[in-house]
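Please open the model in a viewer with a cartoon display and the side chains available for selection. The tour proceeds by selection, and each stop states what is to be found there.

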Amino acid sequence: MTATNLQITTGIIRQTTTPPLGSKTGAAWAVLLSLFLIACSDDYPEDDGGRAPAGADVNAPKSRLLEHPETGERLAERQVLVRGNASEPASLDPQLVQDSVGGAIVVDLFEGLTRSGPRGDTEPAMATSWASSNNNLTWTFQLREDGRWSDGSRVTAQDFVYGWRRAVDPEVGSNYAYYIESAGVANAGEIIAGEKTPDTLGVRAVDDFTFEVTLDEPITYLPDMTVHYTMFPAPRQAIEAHGEDWTRPGKMVSNGAYTLNAWHIGEKLVAARNPRYWGDDSTIIDRVVYLPIESSSAELQRYASGELHMTSTVPVSQMARLKKERPKELVMVPSMATYMYAFNVNRPPFDDVRVRRALTYAIDRNIIVSYITRGNQMPAFTLTPPYVSGFDFRQPEYATWSQTRRDEEAREALEEAGYNEDNPLEFELLYNTDESHKALAIVVSQMWKEKLGAKVTISNLEWKTFLSEKQAGNYGIARFGWKGDYNEASTFLTLLTRDSGNNDGGWSNETYDQLLLDARSSDDPNPYYVRAEEILWQAFPVVPVYFNTTVALVSPSLKGYPEKNPRNIVYSKDMYITAD
């Protein structure tokens, strides 16, 4: 294994790789990296079958059912689901959640107009039906009348009005405010800019159970967008009573299948079945325990020991082993997600497109997906994945080149930018704590060092700190991942518009922004999307590495996991635990 030098400073682990390894062919890289991962891997214990799940101490009633009402399977006496959840959530406020960590919990606690079905299709949730009029400029959602908040009060159209207004209110400070604007909701942009007040947003309660949305441009996929938690209703009564503390146990009011029962920071978060939820009769899981385990190896060990029913991910170092030893438990589902690195274009040397181009070209994606991630990922040269519904997927020219040619072009670009042996490129690569992110950062930085002579320091931060540092622009190049919020290309491409709350790399292009604005009102947005991608191929604001897959371990006793859903939204209420 390559020796490393660890320097711990103020919560950041700085790791500098050893000197370049010399020229290598693709095969030599593959062998080296495989040996590296094997050497770095942690053995996981065999399942002893005797340890109770970590949530077993949670106060949960005996299951109301002995058998599953549809399949006839015998159910476990205690329906306590224990989920690995990667890290501590930064927020449980639907309008403030900005990552998959908080999102995985919030979709259990709250429910929006629509939800994602087992195969990713949009299904009714709080809305029983919807219709558009006025050339798709007006959308009307009919709400179910049996929807209740956990405090017993009715969920009404006014709660959606309040939630959507919160999302765009500058005083609330949602990172997803742009999402409402991307949906074309009237006046959203002006409200976000502080030019209009939130009460002018194009939403209104026609009556208690009729929610109307007025758009600036006709958008046909609005119902798909309402699956996202930013568009969930908000409990005004709890927010006004408790302020920022409203998301704490005992104060939170929610309308989903579960309520917040307990939250022990750094240990676990517990949700309890909500008896006032309209679909409670069909909910089998009584308690859900979310464990914030940042180390994927530690998560794997706890799964193998019988402490978890499902993991949030799988360490890349164990993929080959798990494919062989636990093939029926290993879930690998194509996901609408792109793994990449983001450049801060306001910080040298990344303000030079030649540097960004060189670093983009020099990554050997085939080696990464074949020998590092090994989870059926696909090499990525574009921001938008090929399996997004209706998208006219195309590749940049450099995707058709051999890696040898890409490396040659990368060296030429870097030399043009003024970097060489006498003046080597030097920078820091930032990633959030996780063995898989670390392994990839080491491999990618070694490729840059080997091929370009770059001196790369890799640094990691725990999740919350990583998010805040990245949003503040305190980085040069950082790990970045994006999972589509709905099944349409704009969910990826709007990520890099000037006003996107997630575009913290500072890149902007007026033509790009206008293309995405024009796409909203077009009967055929694909030509605009294709042109937008072409701009990205020339500007390199991010480095796409691979199109992701959902990779997780799921216990044989846990049934109902959505193995066919590319949105990777896992609702606990859809699952159940069978008896041993």
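How many of the seven residues of strand 17 (residues 477–483) are buried? The model is a predicted one, in which local features need pLDDT of at least 70 and side-chain atom pairs count only at pLDDT 80 or more, while totals for chains, interfaces and linings use all residues. Residues are numbered from 1 along each chain as its sequence is written, and side-chain values use heavy atoms, with hydrogens and water left out.

**Stop 1: strand 17 and its partners**

Select residues 477–483. Five of the seven residues of strand 17 are buried, so the strand is largely enclosed by the rest of the structure. Buried means under 20% relative accessible area, exposed means over 50%, and partly exposed lies in between, with a 1.4 Å probe and protein chains only. Helices (H or I, at least four residues) and strands (E, at least two) are DSSP runs, numbered from the N terminus.

Add strand 13 (residues 330–343), which runs antiparallel to strand 17 and is joined to it by seven bridges. Two strands pair if DSSP finds at least two bridges between them. Opposite Lys-483 in strand 17 stands Ala-337. Next add strand 15 (residues 426–432), whose pairing with strand 17 is parallel and spans two bridges. Here Leu-429 stands opposite Ile-477 of strand 17.

**Stop 2: Asn-460**

Move to strand 16 (residues 455–461), where Asn-460 lies. With a relative accessible area of 7%, Asn-460 is buried. Its side chain is joined to that of Thr-433 by a polar contact of 2.7 Å. A polar contact is a pair of N or O atoms within 3.5 Å; within protein, one must be able to donate a hydrogen and the other to accept it, and residues adjacent in sequence count only if both atoms are side-chain atoms. A distance label between the C-alpha atoms of Asn-460 and Arg-479 should read 9.9 Å, for residues 19 apart along the chain.

**Stop 3: the sheet 6-7-9-8**

Select strands 6, 7, 9 and 8, which in that order form an open, antiparallel sheet of four strands. Strand 6 (127–133) and strand 8 (203–207) stand at the edges with a single partner strand each, so one side of each has no neighbour in the sheet. From one strand to the next, the twist averages 20 degrees. Axes are lines fitted to C-alpha atoms, for helices over the stretch in contact, and angles run from 0 to 180 degrees between N-to-C directions.

Within the sheet, strand 7 (residues 138–143) pairs with strand 9 in the antiparallel sense over five bridges. Thr-138 has Thr-214 of strand 9 as its bridge partner. Now show helix 3 (residues 157–168), which packs on the sheet and touches strand 7, strand 8 and strand 9; its direction makes about 175 degrees with that of strand 8.

**Stop 4: Thr-210**

Stay in strand 9 (residues 210–214) and select Thr-210. Is this residue buried or exposed? Thr-210 is buried, at a relative accessible area of 8%. Its side chain has a polar contact of 2.8 Å with the side chain of Asp-207 and another of 3.2 Å with that of Gln-142. Leaving aside neighbours within four places in sequence, the residues in contact with Thr-210 (heavy atoms within 4.5 Å) include Phe-141, Ala-157 and Arg-204.

**Stop 5: aromatic rings**

Select Trp-130 in strand 6 and Phe-141 in strand 7, 11 residues apart. Rings of Phe, Tyr and Trp (its six-membered ring) pair if their centres lie within 6.5 Å; planes under 30 degrees apart count as stacked, over 60 as edge-to-face and the rest as tilted. The centres of the Trp-130 and Phe-141 rings are 6.2 Å apart and the planes stand at 40 degrees, so this pair is tilted. Phe-141 is buried at 0% relative accessibility, whereas Trp-130 is partly exposed at 28%.

Then select Tyr-176, Tyr-178, Tyr-179, Tyr-221, Tyr-229, Trp-482 and Tyr-486, which form one aromatic cluster.

**Stop 6: the sheet 3-12-11-10**

Finally, select strands 3, 12, 11 and 10, an open sheet of four strands in that order with mixed pairing. Its edge strands, strand 3 (80–84) and strand 10 (258–264), each pair on one side only. Strand 3 and strand 12 (residues 287–291) are parallel, with five bridges, and Leu-81 has Val-288 of strand 12 as its bridge partner.
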